[in-house]
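Please read the following report alongside the sequence and the coordinates. The text takes up the arrangement of the copies, then the domains, and then some local backbone features.

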Protein chains: 2
Amino acid sequence: MSAVTIWTLDWVPERPRGFVRDLRLRWACEETGRAYAVRTVRFDDRATNHLDRQPFGQVPFLDDGEVKLFESGAGLLRLARTGDALMPADAAGAAETTQWTIAALNSIEMVTVPWWFLTVSGRPDAGMTGWMKARLDGIEAILEKRDWLAANRFTVADLLMADVLRVPEVRAFGDRPASEAYVARVTERPAFRKAYADQIAFYKAADEARAGQG
Amino acid sequence: MSAVTIWTLDWVPERPRGFVRDLRLRWACEETGRAYAVRTVRFDDRATNHLDRQPFGQVPFLDDGEVKLFESGAGLLRLARTGDALMPADAAGAAETTQWTIAALNSIEMVTVPWWFLTVSGRPDAGMTGWMKARLDGIEAILEKRDWLAANRFTVADLLMADVLRVPEVRAFGDRPASEAYVARVTERPAFRKAYADQIAFYKAADEARAGQG
């Protein structure tokens, strides 16, 4: 299979390290055994310097040798479809996996990310707390009954859902043991640990390169 | 192809009529020429009466005769993959269509829906206005350059993005002529008009059934 290129920011502050979404694609490459290279766009003028590749000025975006894609969710589905490591090959299993991938994006993250944004902006009571609680309780009820979201096995839906749920402020929002055990179970995977360590090392090297220029 | 069943609520108040998300699936069935039946869960205890089929108590959910799915985005991708009316058959075109479908769910709707929720809850300045403006400006810049999001043709990505953008409060948020023309272009499609009229008629009939019981 052709090599994958993942684009991300050339530097980020300390706080988002380990959470920049190139990690989702790195992780998927590790799970599927795909080789990948990392290329960068500049942090400093990130809102406008790559609008030709990502219309909202975000990262990551992906080139898998055949297609170029933005949206980490789309990149994940693309990488997942090139084998069965992240998605069952049968139609029903693939549909169920896609369903839970979309649920992570549109039922959970659609609430957790705006809630997080308002919270870290100093508006923790901006009106999303009840909605946040309802959605996290919904996923907790599912995870009390099973270890994995789809097809009775780890899939790309778990990769994404765990990445959504592992945000520290989200983990600290109430006590949900099944969700917490799920995040621990998924983030113990060697592929996650490798991708996470690689992102941390990548930005540490970026610090050193910046210091060398100073 | 086997018949599709779309589940929705048996009744809703006036305001959400024309916007209940079963419309997305009705519309996709109209575009693809799939026959479908509508079945219902009760509005009155909707938060808990169908958690076995939809873990967040929402509608719609779908049975296409082979798989049962919740998440309108997942249902759309499933319906789109059974032909080329909503998604090109080639891998690159399908990936680009999926990318923009995910963008509608995770880059636009992730902002517009919480913004809308906070606005109609009486918190229009809850802190999401700048984010809302940035994302709508991003999509406006794209639509200034082309008529359709993916593959130079109408796809399921347009169906979904237009459904996200046609919400009255979103349309009224600033003056974006390309987005407005896009919403008009997409919602002029006979398949949209049919699906919309059918949802309106469906809930009018539900009113009459309720009145008959009274």
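By what turn and what shift along the axis can chain B be laid on chain A? In this predicted model, a turn of 180° with a shift of 0.0 Å along the axis lays chain B on chain A, and the RMSD is then 0.0 Å. The two copies are thus related as by a two-fold rotation axis. Among the residues of chain B, the one that comes closest to this axis is B:Met110, whose C-alpha lies at 2.2 Å from it.

As to confidence, the mean pLDDT of chain A is 96, with 100% of its residues reaching 70 or more, and the model as a whole scores ipTM 0.96 and pTM 0.97.

**The contact between the chains**

The contact between the two chains takes 35 residues from chain B and 35 residues from chain A. On the side of chain B that touches chain A, the elements that give two or more residues are β4, α2, α3 (91-120) and α4 of chain B. Of these, α3(B) gives the most, with 15 residues. Sorted by class, the residues on this side of chain B divide into 21 nonpolar, eight polar and six charged. Because 100% of the interface residues of chain B are also interface residues in chain A, the copies meet through the same surface.

**The domains of chain A**

Within chain A, the domain assignment gives domain 1, which is made of two segments (4-85 + 191-213), and domain 2 (91-188). The C-alpha centres of domain 1 and domain 2 of chain A lie 21 Å apart. Where the domains touch, ten residues of domain 1 of chain A are in contact with ten residues of domain 2 of chain A. On the domain 1 side of this contact in chain A, α1 (22-32) and α2 (72-80) each supply at least two residues, and by class that side has seven nonpolar, one polar and two charged residues.

**Local backbone features**

Both chains hold a cis peptide bond between Val59 and Pro60, and the two cases are listed here with the loops in which the prolines lie.

| Cis peptide bond | Omega | Loop that holds the proline |
|---|---|---|
| A:Val59 and A:Pro60 | about 5° | between β2 (36-41) and β3 (61-63) of chain A |
| B:Val59 and B:Pro60 | about 0° | between β2 (36-41) and β3 (61-63) of chain B |

Two residues of chain B call for a look at their phi angles. B:Glu71, although not a glycine, has a positive phi of about 75°, and B:Glu71 lies in the loop between β4 (68-70) and α2 (72-80) of chain B. B:Asn152, likewise a residue other than glycine, has a positive phi near 60°, and its place is in the loop between α4 (129-143) and α5 (156-165) of chain B.

Are B:Glu71 and B:Asn152 buried or exposed? B:Glu71 has 27 C-beta neighbours inside 10 Å, and since 20 or more are needed for a residue to be buried, B:Glu71 counts as buried. For B:Asn152 the number of C-beta neighbours inside 10 Å is 12, and because a residue with 12 or fewer is exposed, B:Asn152 counts as exposed. Thus a positive phi is found in B:Glu71, which is buried, and also in B:Asn152, which is exposed.

How values were computed:
Residues numbered from 1 in each chain as written. Chains lettered and ligands numbered in written order. Predicted model: local features only at pLDDT ≥ 70, side-chain atom pairs only at ≥ 80, totals over all residues. pLDDT = per-residue confidence, 0-100. Helix = DSSP H or I, 4+ residues; strand = E, 2+ residues; numbered from the N terminus. Domains from an automatic or database assignment. Contact = placed C-beta atoms within 7 Å. Nonpolar A, V, L, I, M, F, W, Y, C, P; charged D, E, K, R; others polar. Least-squares fit on C-alpha atoms with pLDDT ≥ 70 in both.
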